[in-house]
Amino acid sequence: MDFKQLRALVTVAETGNVTRASALLNIVQPAVSRQLRMLEEDVGAELFDRKRHGMELTEAGKTLVEYARRVLGELDRARAEIRPTKGAIGGIVCVGLLPSTCDLLSSALITAVAQSYPGIRVRIAMGYAGTLQTWLEAGEIDAALLYDPMPTPTIRVKPLLEEGLWVIGLPSSRLRKNKPMPLSQLAGRPLVLPSAPHGLRTLVDHAATLIGLQLNVVAETNAMSVQKSLVLGGHGLTILPTIAVADDLSRGQLAGAPLIEPALQRKIVLATSSTRHTRTPVRCVVAELVRCMHEAVLHGDWRAVRWLGE
(Lines give C-alpha, C1' and ligand atoms only; values in the text may rest on other atoms or scores of the structure.)
Protein backbone atom coordinates (compact mmCIF):
# COMPACT_ATOMS: atom_id res chain seq x y z
CA MET A 1 0.00 0.00 0.00
CA ASP A 2 1.40 3.39 -0.98
CA PHE A 3 0.23 6.99 -1.32
CA LYS A 4 -0.38 6.70 -5.08
CA GLN A 5 -2.78 3.82 -4.49
CA LEU A 6 -4.59 5.70 -1.73
CA ARG A 7 -4.91 8.80 -3.91
CA ALA A 8 -6.28 6.67 -6.76
CA LEU A 9 -8.79 5.13 -4.34
CA VAL A 10 -10.02 8.50 -3.08
CA THR A 11 -10.17 10.05 -6.56
CA VAL A 12 -12.16 7.17 -8.05
CA ALA A 13 -14.47 7.23 -5.02
CA GLU A 14 -15.12 10.94 -5.52
CA THR A 15 -15.58 10.80 -9.30
CA GLY A 16 -17.23 7.37 -9.50
CA ASN A 17 -15.35 6.72 -12.69
CA VAL A 18 -11.84 5.50 -13.61
CA THR A 19 -11.79 7.67 -16.74
CA ARG A 20 -12.44 10.91 -14.87
CA ALA A 21 -10.07 9.86 -12.11
CA SER A 22 -7.25 9.19 -14.57
CA ALA A 23 -7.71 12.68 -16.04
CA LEU A 24 -7.54 14.30 -12.61
CA LEU A 25 -4.52 12.21 -11.59
CA ASN A 26 -2.86 12.80 -14.98
CA ILE A 27 -2.13 9.10 -15.50
CA VAL A 28 -3.52 6.56 -17.96
CA GLN A 29 -6.63 4.53 -17.10
CA PRO A 30 -4.85 1.12 -16.94
CA ALA A 31 -2.48 2.56 -14.32
CA VAL A 32 -5.39 3.67 -12.14
CA SER A 33 -7.06 0.26 -12.46
CA ARG A 34 -3.78 -1.47 -11.62
CA GLN A 35 -3.33 0.64 -8.47
CA LEU A 36 -6.84 -0.27 -7.33
CA ARG A 37 -6.25 -3.98 -7.96
CA MET A 38 -2.97 -3.88 -6.01
CA LEU A 39 -4.72 -2.11 -3.15
CA GLU A 40 -7.51 -4.71 -3.10
CA GLU A 41 -4.94 -7.51 -3.07
CA ASP A 42 -3.14 -5.81 -0.20
CA VAL A 43 -6.23 -5.44 2.03
CA GLY A 44 -7.79 -8.71 0.90
CA ALA A 45 -11.18 -7.26 -0.02
CA GLU A 46 -12.97 -5.72 -2.97
CA LEU A 47 -13.17 -1.95 -2.61
CA PHE A 48 -15.54 -1.19 -5.49
CA ASP A 49 -18.60 -2.67 -7.11
CA ARG A 50 -17.76 -2.26 -10.77
CA LYS A 51 -21.03 -1.45 -12.47
CA ARG A 52 -21.98 -0.48 -16.00
CA HIS A 53 -22.47 3.17 -15.16
CA GLY A 54 -19.59 3.63 -12.72
CA MET A 55 -17.77 2.52 -9.62
CA GLU A 56 -19.50 2.29 -6.23
CA LEU A 57 -17.66 1.75 -2.96
CA THR A 58 -18.24 -1.49 -1.08
CA GLU A 59 -18.49 -1.39 2.72
CA ALA A 60 -14.77 -2.24 2.88
CA GLY A 61 -14.09 0.55 0.39
CA LYS A 62 -16.04 3.08 2.43
CA THR A 63 -13.99 2.19 5.50
CA LEU A 64 -10.66 2.45 3.71
CA VAL A 65 -11.58 5.72 1.96
CA GLU A 66 -12.28 7.33 5.32
CA TYR A 67 -8.82 6.42 6.59
CA ALA A 68 -7.17 7.26 3.26
CA ARG A 69 -8.58 10.80 3.33
CA ARG A 70 -7.11 11.31 6.78
CA VAL A 71 -3.71 9.97 5.73
CA LEU A 72 -3.58 12.12 2.60
CA GLY A 73 -4.78 15.14 4.54
CA GLU A 74 -1.98 14.70 7.08
CA LEU A 75 0.53 14.35 4.25
CA ASP A 76 -0.71 17.58 2.64
CA ARG A 77 -0.37 19.36 5.99
CA ALA A 78 3.17 18.06 6.44
CA ARG A 79 4.21 19.20 2.95
CA ALA A 80 2.75 22.66 3.48
CA GLU A 81 4.52 22.98 6.82
CA ILE A 82 7.88 21.71 5.58
CA ARG A 83 8.02 23.91 2.47
CA PRO A 84 7.21 27.45 3.66
CA THR A 85 9.11 30.51 2.54
CA LYS A 86 12.43 30.68 4.36
CA GLY A 87 11.96 32.16 7.82
CA ALA A 88 8.15 32.07 7.58
CA ILE A 89 5.68 29.85 9.37
CA GLY A 90 3.61 27.75 6.99
CA GLY A 91 1.20 24.86 6.93
CA ILE A 92 -2.46 23.88 6.86
CA VAL A 93 -4.52 24.30 10.01
CA CYS A 94 -8.09 23.06 10.33
CA VAL A 95 -10.25 24.81 12.92
CA GLY A 96 -13.71 23.69 14.01
CA LEU A 97 -16.28 26.41 14.69
CA LEU A 98 -19.75 26.12 16.18
CA PRO A 99 -22.64 27.18 13.89
CA SER A 100 -23.51 30.11 16.17
CA THR A 101 -19.96 31.48 15.96
CA CYS A 102 -19.10 30.85 12.32
CA ASP A 103 -20.55 34.04 10.81
CA LEU A 104 -18.84 36.28 13.35
CA LEU A 105 -15.44 34.59 13.48
CA SER A 106 -14.65 32.94 10.14
CA SER A 107 -13.90 36.08 8.10
CA ALA A 108 -12.08 37.77 10.97
CA LEU A 109 -9.90 34.71 11.53
CA ILE A 110 -9.01 34.28 7.85
CA THR A 111 -8.10 37.98 7.61
CA ALA A 112 -5.99 37.93 10.78
CA VAL A 113 -4.04 34.83 9.78
CA ALA A 114 -3.45 36.13 6.24
CA GLN A 115 -2.00 39.35 7.64
CA SER A 116 0.19 37.80 10.34
CA TYR A 117 1.05 34.41 8.83
CA PRO A 118 0.64 34.45 5.04
CA GLY A 119 2.26 31.02 4.81
CA ILE A 120 -0.54 29.36 6.77
CA ARG A 121 -3.67 28.13 5.04
CA VAL A 122 -6.73 27.87 7.28
CA ARG A 123 -9.50 25.35 6.78
CA ILE A 124 -12.73 25.99 8.67
CA ALA A 125 -15.03 23.12 9.58
CA MET A 126 -18.46 23.93 11.01
CA GLY A 127 -20.30 21.50 13.23
CA TYR A 128 -22.14 21.04 16.49
CA ALA A 129 -20.08 20.49 19.63
CA GLY A 130 -20.37 16.69 19.68
CA THR A 131 -19.36 16.41 16.04
CA LEU A 132 -16.42 18.79 16.47
CA GLN A 133 -15.17 16.83 19.48
CA THR A 134 -15.31 13.60 17.47
CA TRP A 135 -13.36 15.21 14.62
CA LEU A 136 -10.80 16.60 17.05
CA GLU A 137 -10.24 13.26 18.75
CA ALA A 138 -9.91 11.57 15.34
CA GLY A 139 -7.30 14.09 14.20
CA GLU A 140 -9.46 15.51 11.41
CA ILE A 141 -9.25 19.03 12.86
CA ASP A 142 -6.50 20.69 14.90
CA ALA A 143 -8.54 22.82 17.31
CA ALA A 144 -12.19 23.55 18.00
CA LEU A 145 -14.58 25.70 19.96
CA LEU A 146 -16.75 23.51 22.17
CA TYR A 147 -19.42 23.96 24.81
CA ASP A 148 -17.56 22.95 28.00
CA PRO A 149 -17.32 19.19 27.34
CA MET A 150 -17.04 16.48 29.95
CA PRO A 151 -13.39 15.89 30.99
CA THR A 152 -11.61 13.43 28.73
CA PRO A 153 -7.96 12.32 28.56
CA THR A 154 -7.80 12.94 24.80
CA ILE A 155 -8.46 16.70 24.72
CA ARG A 156 -7.35 19.73 26.71
CA VAL A 157 -9.62 22.73 27.09
CA LYS A 158 -9.21 26.40 27.90
CA PRO A 159 -12.32 28.35 28.99
CA LEU A 160 -12.77 31.48 26.87
CA LEU A 161 -16.18 32.98 27.55
CA GLU A 162 -19.55 32.43 29.13
CA GLU A 163 -22.63 33.42 27.15
CA GLY A 164 -26.21 33.80 28.27
CA LEU A 165 -29.16 32.30 26.43
CA TRP A 166 -32.06 34.47 25.31
CA VAL A 167 -35.64 33.91 24.31
CA ILE A 168 -35.92 34.88 20.63
CA GLY A 169 -39.08 35.70 18.71
CA LEU A 170 -40.69 38.02 16.20
CA PRO A 171 -40.89 41.75 17.04
CA SER A 172 -44.58 41.22 17.78
CA SER A 173 -43.59 39.01 20.74
CA ARG A 174 -42.61 42.20 22.58
CA LEU A 175 -39.39 40.69 23.85
CA ARG A 176 -36.96 43.37 25.03
CA LYS A 177 -33.27 43.15 25.84
CA ASN A 178 -33.76 45.29 28.96
CA LYS A 179 -36.65 43.17 30.21
CA PRO A 180 -35.40 39.70 31.22
CA MET A 181 -37.93 36.88 31.04
CA PRO A 182 -38.29 34.20 33.72
CA LEU A 183 -38.23 30.72 32.21
CA SER A 184 -41.63 30.02 33.81
CA GLN A 185 -43.24 32.59 31.46
CA LEU A 186 -42.64 30.20 28.56
CA ALA A 187 -45.34 27.90 29.92
CA GLY A 188 -47.78 27.05 27.14
CA ARG A 189 -46.00 29.16 24.54
CA PRO A 190 -44.96 27.34 21.32
CA LEU A 191 -41.22 26.67 21.16
CA VAL A 192 -38.86 25.72 18.35
CA LEU A 193 -35.86 23.91 19.86
CA PRO A 194 -33.02 21.60 18.83
CA SER A 195 -33.77 17.92 19.29
CA ALA A 196 -32.03 15.90 21.99
CA PRO A 197 -29.20 15.23 22.68
CA HIS A 198 -28.16 18.69 21.44
CA GLY A 199 -26.37 20.54 24.25
CA LEU A 200 -28.73 23.52 24.22
CA ARG A 201 -31.78 21.27 24.43
CA THR A 202 -30.27 19.38 27.34
CA LEU A 203 -29.61 22.64 29.17
CA VAL A 204 -33.15 23.94 28.59
CA ASP A 205 -34.81 20.65 29.52
CA HIS A 206 -32.80 20.43 32.74
CA ALA A 207 -33.70 23.99 33.75
CA ALA A 208 -37.38 23.36 32.99
CA THR A 209 -37.37 20.19 35.08
CA LEU A 210 -35.87 22.06 38.04
CA ILE A 211 -38.81 24.48 38.14
CA GLY A 212 -41.46 21.93 37.16
CA LEU A 213 -42.14 23.51 33.76
CA GLN A 214 -43.67 21.51 30.91
CA LEU A 215 -42.31 22.89 27.64
CA ASN A 216 -44.60 23.20 24.63
CA VAL A 217 -42.18 22.17 21.86
CA VAL A 218 -43.96 22.43 18.49
CA ALA A 219 -40.94 21.81 16.26
CA GLU A 220 -37.47 20.34 16.61
CA THR A 221 -34.46 20.76 14.33
CA ASN A 222 -30.70 20.40 14.58
CA ALA A 223 -30.10 23.00 11.87
CA MET A 224 -29.75 26.50 13.29
CA SER A 225 -30.77 28.07 10.01
CA VAL A 226 -34.04 26.09 10.12
CA GLN A 227 -34.51 27.03 13.76
CA LYS A 228 -34.35 30.73 12.91
CA SER A 229 -36.43 30.27 9.77
CA LEU A 230 -39.26 28.66 11.74
CA VAL A 231 -39.26 31.54 14.21
CA LEU A 232 -39.29 34.05 11.36
CA GLY A 233 -42.21 32.10 9.90
CA GLY A 234 -44.21 32.64 13.09
CA HIS A 235 -44.13 29.05 14.37
CA GLY A 236 -42.99 29.96 17.86
CA LEU A 237 -40.25 31.28 20.09
CA THR A 238 -36.80 29.77 20.40
CA ILE A 239 -33.84 29.88 22.78
CA LEU A 240 -30.41 30.83 21.44
CA PRO A 241 -27.25 32.72 22.35
CA THR A 242 -27.44 36.27 20.95
CA ILE A 243 -24.42 35.68 18.70
CA ALA A 244 -26.56 33.29 16.63
CA VAL A 245 -29.07 36.04 15.79
CA ALA A 246 -26.98 39.20 16.15
CA ASP A 247 -27.71 40.48 12.63
CA ASP A 248 -31.42 39.65 12.90
CA LEU A 249 -31.65 41.55 16.18
CA SER A 250 -29.77 44.54 14.77
CA ARG A 251 -32.07 44.71 11.72
CA GLY A 252 -35.16 44.39 13.87
CA GLN A 253 -36.29 41.17 12.18
CA LEU A 254 -36.19 39.37 15.52
CA ALA A 255 -36.45 40.47 19.13
CA GLY A 256 -35.00 38.90 22.25
CA ALA A 257 -34.84 38.94 26.03
CA PRO A 258 -32.36 37.36 28.46
CA LEU A 259 -33.61 34.26 30.25
CA ILE A 260 -33.64 34.38 34.05
CA GLU A 261 -34.91 32.32 36.99
CA PRO A 262 -32.85 30.40 36.26
CA ALA A 263 -30.35 32.22 34.04
CA LEU A 264 -29.22 29.84 31.31
CA GLN A 265 -25.56 30.12 30.38
CA ARG A 266 -23.09 28.15 28.32
CA LYS A 267 -19.33 28.18 28.50
CA ILE A 268 -17.32 28.16 25.28
CA VAL A 269 -13.88 26.57 25.51
CA LEU A 270 -10.97 26.18 23.13
CA ALA A 271 -10.19 22.48 22.70
CA THR A 272 -7.02 20.91 21.34
CA SER A 273 -5.72 17.36 21.33
CA SER A 274 -3.74 16.20 24.36
CA THR A 275 -2.44 13.14 22.52
CA ARG A 276 -0.84 14.86 19.53
CA HIS A 277 1.98 17.37 19.29
CA THR A 278 0.63 20.89 18.79
CA ARG A 279 2.41 22.23 15.73
CA THR A 280 3.66 25.81 15.52
CA PRO A 281 1.11 26.80 12.82
CA VAL A 282 -1.70 25.47 15.03
CA ARG A 283 -0.49 27.54 17.98
CA CYS A 284 -0.36 30.64 15.77
CA VAL A 285 -3.88 30.17 14.38
CA VAL A 286 -5.30 29.40 17.83
CA ALA A 287 -3.78 32.60 19.20
CA GLU A 288 -5.38 34.60 16.38
CA LEU A 289 -8.73 32.91 16.98
CA VAL A 290 -8.68 33.80 20.67
CA ARG A 291 -7.71 37.37 19.82
CA CYS A 292 -10.58 37.66 17.31
CA MET A 293 -13.03 36.41 19.91
CA HIS A 294 -11.76 38.80 22.57
CA GLU A 295 -12.00 41.76 20.19
CA ALA A 296 -15.56 40.79 19.27
CA VAL A 297 -16.47 40.88 22.96
CA LEU A 298 -14.67 44.19 23.61
CA HIS A 299 -16.29 45.88 20.59
CA GLY A 300 -19.78 44.69 21.57
CA ASP A 301 -20.22 42.45 18.53
CA TRP A 302 -20.62 39.47 20.87
CA ARG A 303 -23.25 40.51 23.38
CA ALA A 304 -24.39 39.06 26.69
CA VAL A 305 -21.09 37.35 27.38
CA ARG A 306 -18.43 37.32 30.08
CA TRP A 307 -14.82 36.92 28.97
CA LEU A 308 -12.95 34.17 30.83
CA GLY A 309 -9.72 34.07 28.85
CA GLU A 310 -6.46 35.57 30.00
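## The second largest pocket

In this predicted model, the second largest pocket holds about 350 Å³. It has 20 lining residues, and the ones closest to its centre are Asp103, Lys228, Ile243, Ala244 and Val245. Looking for the elements behind that lining? H5, H8 and helix H9 (246–250) each put in two or more residues.

Sorted by class, the lining of the second largest pocket comes out as nine nonpolar, seven charged and four polar residues.

## The largest pocket

The largest pocket takes up about 540 Å³. Its lining runs to 27 residues, with Ala129, Tyr147, His198, Gly199 and Leu200 nearest the centre. By class, that lining has 14 nonpolar, nine polar and four charged residues.

Several elements chip in at least two residues each: helices H5 (99–116), H6 (129–138), H7 (199–210) and H8 (224–232), plus strands S5 (143–147) and S12 (265–273). H7 gives the most to this lining, with five residues.

## A closer look at H6

Ala129, one of the residues nearest the centre of the largest pocket, also turns up among the buried residues of H6, along with Leu132, Gln133 and Leu136. Viewed down the helix axis, these buried residues sit within an arc of 100 degrees, so they line one face of H6. That fits the usual geometry: an α-helix has 3.6 residues a turn, so residues three or four places apart point the same way.

What do the buried residues of H6 pack against? Their partners are strands S3 (91–97), S4 (120–126), S5, S6 (155–169) and S12. Right after H6 comes Gly139, with a positive phi near 85 degrees.

Methods
Residues are numbered from 1 along each chain as its sequence is written. This is a predicted model: local features need pLDDT of at least 70, side-chain atom pairs count only at pLDDT 80 or more; totals for chains, interfaces and linings use all residues. Side-chain values use heavy atoms; hydrogens and water are left out. On a 1 Å grid over the protein atoms alone, a cavity is a set of points where a 1.4 Å probe fits but cannot get out, and a pocket is an open set with protein on both sides within 12 Å along at least five of seven lines; lining residues have an atom within 4 Å of a point. Grid points are joined across faces, edges and corners, and a volume is the space filled by probe spheres set on the points. Helices (H or I, at least four residues) and strands (E, at least two) are DSSP runs, numbered from the N terminus. Ala, Val, Leu, Ile, Met, Phe, Trp, Tyr, Cys and Pro count as nonpolar, Asp, Glu, Lys and Arg as charged, and the others, Gly among them, as polar. Buried means under 20% relative accessible area, exposed over 50%, partly exposed in between (1.4 Å probe, protein chains only). The arc is that of the directions from the helix axis to the C-beta atoms. Contact means heavy atoms within 4.5 Å.
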